[in-house]
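Trainee: I have a structure open and some questions about it. Can we go through them one at a time?

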Amino acid sequence: MIKMAPPLLRQAVIQSRLAARLSKRATTVVHHQRAMMMCTSSSATPPLYAQPNQYVTGVTNDQLEANQAMRDWYNANFPSWKEDPETIIATDPSLLENTTEEETENDSDEEELITNPHAITLPEELSKRNIRPLVAYLRDPDNETGTRNCDRLRYPGPNDDDFPLVPGILHGSDPTANILSIDPSSKVLVKTPWFEIQRELDRYASGRNGSFENRVYALTIFPSEDAYVGYHKSVRQLNKDDTTYHLDEETMTVTEIPGAPPEVLPDRTPIVENVLVIPADLQLHPVAHAALCVNFIRYHAMKPIKIPIRTINEEESPAMKKGGFIAFVNTFVECLVEEGGVIPERIELECTGLRQKDVVRRERLIIPEGVTVHPRVKSDFLVGTVFGAKGVGADDEEEEGEEAKK
């Protein structure tokens, strides 16, 4: 015989267990319903089995059949536990196990990332040139200029509908579009979403070793009233039902709550689309390193652009493979890219054969096709000098001396 606890204590234990198994119960209900559908479609109707473990974990029908006290306790606390096929009645346990395995296989499928339908898609002629998209919005010259107003753009209040925006200006000449920088109308006040700038900073960094301010972007500008964060979100959807379930502990019923439908936003029309620009005058917070201001300069073919220098084949250098390094004097080289040419992310510096105290100059730069070094870059353009710890390259010098003697 099982010694029964006081009714109040038993009720408290049961309620705590019900709360802990709320999510598990919802999944089990779906499995039971599928199993019932399978049995309904079959010719012979199998017997129905009550599921006592929905109320007390681990309790089985065999235990109830072998223990009269347990059956009495279930009948006293849950009088209708055998009369609720919608929630606790299932068919043959073997069918239930099969449906559970199928559900587990479906749940193990990889998640799918559905791209935002409002995301900017560049035409092929721009994307193949190593150009990435950026989105900005017009800035109101009356209410969104000045220090205080720009601070409101950068740091919106908790009750504001806006999201962080980085103020800036689009300026510069573009002879292909008959735009001159001396014309006041060529300067356009813009505000760029903070996460758009931060995404590129995380990818390419900035400063001496970065390339964010040395890349070409296709900037699309929308009206100020279209600035809404929903246009920038990507929807991540799993290969499973988003339906949730609510358990009423008093009536012991489960209510099905369908998943929220995806947000539908109206289409928006850009004011300016796919303007080629180069970020400039980037200002970062001194502590948080978040973007505070960024301007954009119009770009066109054969306009000078500084491209970062990156080393290759360091293992082929006797000095660098033993701990040596290049003390860079210039980390960028000014280049011209022809019309329709691919804008390189870097100019490679060949390090093969570099020894300690060697001076690295322009002739070691590998210039890709369609790119030329700007004429004002001198032929003896200094990249840097090879340095290393004491003793680096000494063995090679001794070997060369012995070979010379022979």
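Mentor: What follows is a short round of questions on a predicted model.

Trainee: Is arginine 215 buried or exposed?

Mentor: Arginine 215 sits in the loop between helix 8 (194-204) and strand 7 (217-222). Its relative accessibility is 4%. The cut-off for buried is under 20%, so arginine 215 counts as buried.

Trainee: Which side chain joins the side chain of arginine 215 in a polar contact?

Mentor: Arginine 215 touches several residues, among them Asn130, Tyr204 and Glu345. Its side chain reaches the backbone oxygen of asparagine 130 at 3.4 Å. The polar contact between side chains, at 3.4 Å, is with glutamate 345.

Trainee: Is proline 133 buried, partly exposed or exposed?

Mentor: Proline 133 lies in strand 4 (residues 132-138). Its contacts include Ile120, Leu122 and Tyr217. Its relative accessibility is 26%. Buried needs under 20% and exposed needs over 50%, so proline 133 counts as partly exposed.

Trainee: Which strands stand at the edges of the open sheet of 5 strands?

Mentor: The strand order is 18-16-13-15-19, with mixed pairing. Each edge strand has a single partner, so one side of each is left without a neighbour in the sheet. The edge strands are strand 18 (365-366) and strand 19 (371-373).

Trainee: Which residue of strand 15 stands opposite lysine 306?

Mentor: Strand 13 (residues 305-312) and strand 15 (residues 332-337) run antiparallel. They are joined by 4 bridges. Opposite lysine 306 in strand 15 stands glutamate 334.

How values were computed: Residues numbered from 1 in each chain as written. Predicted model: local features only at pLDDT ≥ 70, side-chain atom pairs only at ≥ 80, totals over all residues. Heavy atoms only, no water. Helix = DSSP H or I, 4+ residues; strand = E, 2+ residues; numbered from the N terminus. Buried < 20%, exposed > 50% of the residue type's maximum accessible area, 1.4 Å probe, protein only. Contact = heavy atoms within 4.5 Å. Polar contact = N/O pair within 3.5 Å; in protein donor to acceptor, adjacent residues only side chain to side chain. Pairing = 2+ DSSP bridges. Lists of a residue's contacts leave out its neighbours within four places in sequence.
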